[in-house]
Every structure is written in structure tokens, then in C-alpha cells.
Amino acid sequence: MKEFIFLIVLFIANIIQAITGFAGTVLAMPASMYLLGIDNAKVVLNMMALISGLLIAISSYKSINKKELLKICTIMIIGMCIGIQLCKVISSEWLLIVYGIIIIVVAGKNLLIHKERQLPGILLLCVLIIAGIIHGMFVSGGALLVVYATQTFKDKDEFRATIAPVWVVLNSFLIASQIYSHEFGTNNIRLILISIIPLMIATWIGKRLAQKVSQKLFLTITYILLLISGISLVV
């Protein structure tokens, strides 16, 4: 039953991922941690995010800002290395609370403050490093990466197309780390294989919805769901 509920969560989250390019793992992770456990959730969702990002990147290749893609990946990988090490010294209970607070802050800011203030370049770089740290810890740095992306990409298609391959690069790095740490097992490999079909269907649906419904509406829905997910982790 837990795996069935996880597949539903994954399906819904990846419809939104295909529309926005960033929110799938952030939305799916809180529930998945409870359903599968932190380690299994990270392994399975990491692979799902890689596949989803690859599908979006291939279909939107011409809109990718390659210079920004290289910059984002380089800085976030540095942050990820820090995040992976932090996971080894901080208890999972505290990690969940910190993660929930970060999600609440980011979602609340985007729901309540609609006017974007242009942040200084050095602050934007700090945002990318912190996004990398969160991604290394929870495989879901998208909530913070979007703060950088909304100030960098003014075109909707460029935003979506450039963010998607970020997860391909970063999650490939994480997979190598997870294999090295012996985190892959028979159970999560089986669940990864089961999850591929609903993931592909969700990506197909999301891509078509993205062409018909405004990005603003779906971002609003995404942040509301993020807020609910963050609160559920804290309380």
C-alpha cells in the first residue's frame, strides 16, 4: 500500500515537474520520506528526477542557455559535496525539521511577495551554493534554485529548458555517490523500475498542460503544495 501511495505522489509531482521544470522532487520528497524512509526515498527520487530532467531537456534542447547551465551545475556541485558530508553528521530528525522550514520560507516568500527584487550577484551565487547543499542532503534543491532562475531567465521556455538538464548533471553525480556508499539495493532498484512508467506518463501530460495553461497559475499551485509539504514536516 505504501508503494502504491508513493506512485500516486510521484505521478502528481512529475506532472508539475514537466510544467515548471523544477518542483517534482521537492513536492514528492516529504511524503516519500515517510512512505519509503529517507535513504530509499533519496535513491528512488534521485533516479526519477534524472530521467524526468533528461526527457524535458531532450524535447526542449534548443531553448537551453548553455552558459548558465554550466555555471549553475558547477556551483551547485560544490554545495552538494558539502550537503553529502552534512548528512553523515546530522541526525535525520533534525534534517527533516530544517528541510521543512526551508520549504515553508521559500514557498511563503513566493506566495506573498510577487514583486521580484533583483538580488546582488554575490547573493545569487550564495543562493546557488545553498541550493546545492540542500540537493546533496535531500535531492531537492529546486525550491532554492528557482530563486536564482526567476531572476536570471525571463523567458518561460528558457527557464524550463535550462533547469531540467541541471538535474541530469547533478543527479548523475549523486547516483555515483550513492553507488559508492552502497545505498542501492534490490528493493529500491525494483521500485525505480516500477516508477518509470507513471513518470513517463506524467511527463507527457505535464508537457501538454504547459502549452495550454499559464506558468503563473501552476507556479502558484506548486508553492501552495510546497507550503503544505513543509508544514507537514515541521509539525
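Start with the salt bridge: this predicted model holds one. Select Glu3 and Arg190, whose side chains meet in that salt bridge, with 2.6 Å from N to O. Now colour the two helices that carry the pair. Glu3 sits in helix α1 (residues 2–20) and Arg190 in helix α9 (residues 186–212), so the bridge joins distant parts of the chain, 187 residues apart.

Are these two residues buried, exposed or something in between? Glu3 has a relative accessibility of 27%, and because buried means under 20% and exposed means over 50%, Glu3 counts as partly exposed. Arg190, at 35%, is partly exposed as well.

Next, stay in the first part of the chain and select Phe6. Which residues does Phe6 touch, leaving aside those up to four places away in sequence? They are Ser32, Leu35, Leu36, Val44, Leu45, Leu191 and Ser195. Phe6 also belongs to the largest nonpolar core, which has 69 residues. Add Met48, Ile72, Met76, Tyr99, Leu145 and Val166 to the selection: together with Phe6, they are the residues with the most contacts inside that core.

Leu145 leads to the next stop, helix α7 (residues 142–152). Show this helix with the rest of the structure as a surface. Nine of its eleven residues are buried, so helix α7 is largely enclosed by the rest of the structure. The buried residues are Gly142, Ala143, Leu144, Leu145, Val146, Val147, Tyr148, Ala149 and Gln151.

Move on to Asp157, in helix α8 (residues 156–180). Asp157 has a relative accessible area of 46% and is partly exposed. Select Thr20 too, and draw a line between the two C-alpha atoms. They are separated by 9.5 Å, although Asp157 and Thr20 lie 137 residues apart along the chain.

The last stop is empty space. Rolling a probe the size of a water molecule over the atoms shows where such space is left. How many cavities of 30 Å³ or more are there? The count is three. Go to the second largest cavity, which holds about 40 Å³ of space. To find this cavity, select its lining: Leu10, Asn14, Gln17, Gly24, Thr25, Ala28, Leu45, Met48 and Ala49. Helices α1, α2 (24–36) and α3 (38–59) each give two or more residues to this lining. Colour the lining by residue type: five residues are nonpolar, four are polar and none is charged. Two names here have come up before: Leu45 and Met48 line the cavity, Leu45 is touched by Phe6, and Met48 is among the residues with the most contacts inside the largest nonpolar core.

Methods
Residues are numbered from 1 along each chain as its sequence is written. This is a predicted model: local features need pLDDT of at least 70, side-chain atom pairs count only at pLDDT 80 or more; totals for chains, interfaces and linings use all residues. Side-chain values use heavy atoms; hydrogens and water are left out. A salt bridge is a side-chain nitrogen of Lys or Arg within 4 Å of a carboxyl oxygen of Asp or Glu. Helices (H or I, at least four residues) and strands (E, at least two) are DSSP runs, numbered from the N terminus. Buried means under 20% relative accessible area, exposed over 50%, partly exposed in between (1.4 Å probe, protein chains only). A nonpolar core is a set of buried Ala, Val, Leu, Ile, Met, Phe, Trp, Tyr and Cys residues joined through side-chain atoms within 4.5 Å. Contact means heavy atoms within 4.5 Å. On a 1 Å grid over the protein atoms alone, a cavity is a set of points where a 1.4 Å probe fits but cannot get out, and a pocket is an open set with protein on both sides within 12 Å along at least five of seven lines; lining residues have an atom within 4 Å of a point. Grid points are joined across faces, edges and corners, and a volume is the space filled by probe spheres set on the points. Ala, Val, Leu, Ile, Met, Phe, Trp, Tyr, Cys and Pro count as nonpolar, Asp, Glu, Lys and Arg as charged, and the others, Gly among them, as polar.
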